[in-house]
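Thanks for coming. I have one structure to go through today, and I will keep to what the coordinates show. Please have the sequence and the model open.

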Amino acid sequence: MTGGREMTGARETARPVLCLCGAAVRVGGRTLWSGVDLEVGAGEFVAVLGPNGVGKSTLVKVVLGMQPVAAGEVSVLGGRPGESGSRVGYLPQRRSFDPSLRIRGTDIVRLGLDGDRWGIPRPWGARRARERERVEEVIELVGATACAHRPIGRCSGGEQQRLLIAQALVRRPEILLLDEPLDSLDLPNQSAVAALVGRICHQQGVAVVMVAHDVNPILHHLDRVVYLAEGRAVCGPPSEVVTSATLSRLYRTPVEVLRTGDGRPVVVGHPETPAVQGGPHAIAG
Ligand SMILES: Nc1ncnc2c1ncn2[C@@H]1O[C@H](COP(=O)(O)OP(=O)(O)OP(=O)(O)O)[C@@H](O)[C@H]1O
Ligand SMILES: [Mg+2]
């Protein structure tokens, strides 16, 4: 994998905020993936793709410092993983709210500010006003103003996802890690949330690493893709990696990349599930 060296165009000089070099991870006595090289620049939008169980969430946890590497080097904002605090925002995989939950959207976003201050009384005065302003600002940024005062359990999946992205953004992170934020959204909402993340990334200069199941809704926003498969990774700009030849080789099944009328690539026949033969690293056939 040749990560940052393949960057093109205006972002070629982007300052790297995240580097993995020859990284490998072992869990439960087996190597999940190895030899992973990845460089992400400030303001870049990178997707991590691959079948279930291949180690996408584990890659995110490595960046968070929640999972150590067994080999190689990882640098996050010039330091070690887990040492950058609120400079790294994180939206974990699979969140759902009970429909009866009364807590409001604004409170969910505020938790992003207060989460590490449990038990400590909320600030008063100017600081409290500044925090309220920031919560409102970030809710507006994600387009959730209309639903933010509703109980979160009564917001739609797309609205909940926007509010959770706002929570991850509220402390102005330089890196945003989103683990399957499009999960269980319908197609229009997937497109809308993908466009929102693309805007946050490119306009606010936040580096985004998004784990995704389907590349299509995000493809034209991406600067880079990382495909994990069979214990290794292929990385590069979508124009180089998202091709019929590369994906068919990776997934060991015919995957076609077609062009829409306006020239956008669409991946057809993308495997939905990993193959059962050959153990956890096998790719759908
Ligand atoms: N701490 C751990 N100990 C043992 N096995 C683990 C540990 N953490 C993860 N695994 C295993 O590693 C594999 C990869 O897990 P991970 O959650 O990273 O996959 P994923 O690619 O995100 O999958 P999905 O698409 O289903 O979310 C899984 O088989 C999982 O059970
Ligand atoms: Mg996962």
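Which residues of α1 are buried? They are K56, S57, T58, L59, V60, V62, V63 and L64. Before going on, note that this is a predicted model. Helix α1 covers residues 56-64, and eight of its nine residues are buried, so the helix is mostly covered. As a reminder, residues three or four places apart in an α-helix point the same way, because there are 3.6 residues a turn. Just after α1 comes G65, with a positive phi of about 85°.

Next, the metal. Which protein atoms are the donors of the magnesium ion, ligand 2? There is OG of S57 and OE1 of Q93, and they lie 2.0 to 2.2 Å from the ion. This pair links distant parts of the chain: S57 sits in helix α1, while Q93 is in the loop between β5 (88-91) and α2 (105-114), 36 residues apart. Is each donor buried or exposed? S57 has 18% relative accessibility, so it counts as buried, the cut-off being under 20%. Q93, at 23% relative accessibility, counts as partly exposed. For anyone setting up the site, water is not among the atoms, so sites may look incomplete.

Now the sheets, beginning with the one made of three strands. This open sheet has the order β2-β1-β4, and the pairing is antiparallel. Why is one side of β2 and of β4 left without a neighbour in the sheet? Because β2 (30-41) and β4 (71-76) stand at the edges, each with a single partner strand. From one strand to the next, the twist averages 20°.

Within that sheet, strand β1 (residues 16-27) is joined to β2 by eight bridges, and the two run antiparallel. Two pairs to find on screen: A23 stands opposite V36 in β2, and P16 has G41 in β2 as its bridge partner. β1 and β2 form a hairpin with two residues between them. In the turn, G28 has a positive phi of about 50°.

The other sheet is also open, with six strands in the order β5-β6-β7-β3-β8-β9 and mixed pairing. Its edge strands are β5 and β9 (232-236), each of which pairs on one side only. Here the twist averages 15° from one strand to the next. β5 and strand β6 (residues 175-179) run parallel and are joined by four bridges. L91 stands opposite L178 in β6. Across β5 and β6 lies helix α4 (residues 157-169), running at about 155° to β5.

Last, the cysteines. How many disulfides does a search of the whole structure find? Zero. Take C19: its sulfur is 8.2 Å from the closest cysteine sulfur, in C21, which is too far for a bond. C19 is partly exposed, with a relative accessible area of 22%. What about C147? The closest cysteine sulfur to that of C147 is in C155, 4.5 Å away, and this is also too far for a bond, since a disulfide needs the sulfur atoms within 2.5 Å. C147 is buried, with a relative accessible area of 3%.

To close, one point to take back to the viewer: the magnesium donors are S57 and Q93, with S57 in helix α1 and Q93 in the loop after β5.

Methods
Residues are numbered from 1 along each chain as its sequence is written. Chains are lettered from A and ligands numbered from 1 in the order in which they are written. This is a predicted model: local features need pLDDT of at least 70, side-chain atom pairs count only at pLDDT 80 or more; totals for chains, interfaces and linings use all residues. Side-chain values use heavy atoms; hydrogens and water are left out. Buried means under 20% relative accessible area, exposed over 50%, partly exposed in between (1.4 Å probe, protein chains only). Two strands pair if DSSP finds at least two bridges between them. Axes are lines fitted to C-alpha atoms, for helices over the stretch in contact, and angles run from 0 to 180 degrees between N-to-C directions. Donors are N, O and S atoms within 2.8 Å of the metal (3.2 Å for Na, K and Ca); water is not among the atoms, so sites may look incomplete. Contact means heavy atoms within 4.5 Å.
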